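Work through the exercises below with the model open. Try each task before reading its solution.

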Amino acid sequence: MFSVEQKSKPRRPGRPEGVTHTREGILTAAEHVFAEKGFSAPLREVAQKAKTTTSLINYYFESKLGLIEALLLSRGEAITKDRMERLKSLLSQDTPPTAEDLVKAFLIPITEMRRTPATRRYLKLQSWLHMEPSDYAFVLRRKLYQEATEAYTDALIAALSDTPQEVIYWRYILTVGAYLYAASDTNRLEEISGGLCNPDDTDELARQVTAFVSGGFMGAAPKKATED
């Protein structure tokens, strides 16, 4: 978990002499460490992985939280941009988009990412971020997702005008959980299917997640419990 002490930004020190590691090298090391251990991993482990010093990390990123933010935003902003461009294209067409159209546009930037080791690490980072209960994690999630969240939920509300809005918000949150788990390395799909399903088949992943989520969005709203 993020600690209170980590929220304060230390004074930015001068770059240590004799150390030549780059900002990108530190980000790569942080990606490995935090993907494996979560954001509670100490900064010194990142420094050890990068073969550098915590002073140099603070020089580039000012704090551990600054490093985490830079790490997540580096890919997260590109995903949000892709989602917003796809949504803009759908909304500019003569025919209003269906819920399935919107679900596909939202999921494609994740489901069609090449399944490289770096991609898997990034998806693990996303999962850690969603499990992190600290205030800073909520702030960072808003930075990463708020624009697309608001735009897509508004579009889904318009496309599913007969569905109560609170149901759409519930299903949006369930969508995020479904695609993060399905696209991560933490699921047991290959094991429980006896090898029948290949989680690295990105085309099949996209089809299955889209079909599942679309069906969920378009399904009947659950009945509210009645009082005795």
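**Exercise 1: Two crossing helices**

Helices α2 and α3 are roughly perpendicular to each other (an angle of 65 to 115 degrees; under 35 is roughly parallel, over 145 roughly antiparallel, the rest oblique). This is a predicted model: local features need pLDDT of at least 70, side-chain atom pairs count only at pLDDT 80 or more, and totals for chains, interfaces and linings use all residues. Residues are numbered from 1 along each chain as its sequence is written, and side-chain values use heavy atoms, with hydrogens and water left out.

Task: find the crossing angle of α2 and α3, then the residues that make the contact.

Solution.
- Locate the helices (DSSP runs of H or I, at least four residues, numbered from the N terminus). Helix α2 covers residues 43-50 and helix α3 residues 54-61.
- Take the axes (lines fitted to C-alpha atoms over the stretch in contact, with angles from 0 to 180 degrees between N-to-C directions). They come within 9 Å and cross at roughly 100°.
- List the contact (heavy atoms within 4.5 Å). From α2 come L43, R44, V46 and A47; from α3 come T54, I57 and N58.
- Sort these residues by type. Four are nonpolar, two polar and one charged.

**Exercise 2: Salt bridges**

Task: say how many salt bridges the structure holds, and which parts the pair E69 and K143 ties together.

Solution.
- Apply the criterion: a side-chain nitrogen of Lys or Arg within 4 Å of a carboxyl oxygen of Asp or Glu. The structure holds seven salt bridges.
- Among them is E69 with K143, at 2.6 Å from N to O. E69 lies in helix α4 (residues 64-91) and K143 in helix α7 (residues 135-159), so the pair links parts 74 residues apart in sequence.
- Check burial (buried is under 20% relative accessible area, exposed over 50%, partly exposed in between; 1.4 Å probe, protein chains only). E69 is buried, at 19%.
- Turn to E100 and K104, whose closest N and O atoms are 3.8 Å apart. Both sit in helix α5 (residues 99-111), four residues apart, about one turn of the helix. E100 is partly exposed at 34%, and K104 is partly exposed at 37%.
- Finish with R188 and E191, a salt bridge at 3.3 Å between the closest N and O atoms. R188 is partly exposed at 47%, whereas E191 is exposed at 57%.

**Exercise 3: Helix α6**

Task: compare the reach of α6 with its expected span.

Solution.
- Helix α6 spans residues 117-131 and has 15 residues.
- The expected span is 1.5 Å times one less than the number of residues. For α6 that gives 21 Å.
- From first C-alpha to last, α6 reaches 21 Å, close to expectation.
- Its buried residues include Y122, L123, L125 and L129.

Technical notes
Helix = DSSP H or I, 4+ residues; strand = E, 2+ residues; numbered from the N terminus. Nonpolar A, V, L, I, M, F, W, Y, C, P; charged D, E, K, R; others polar.
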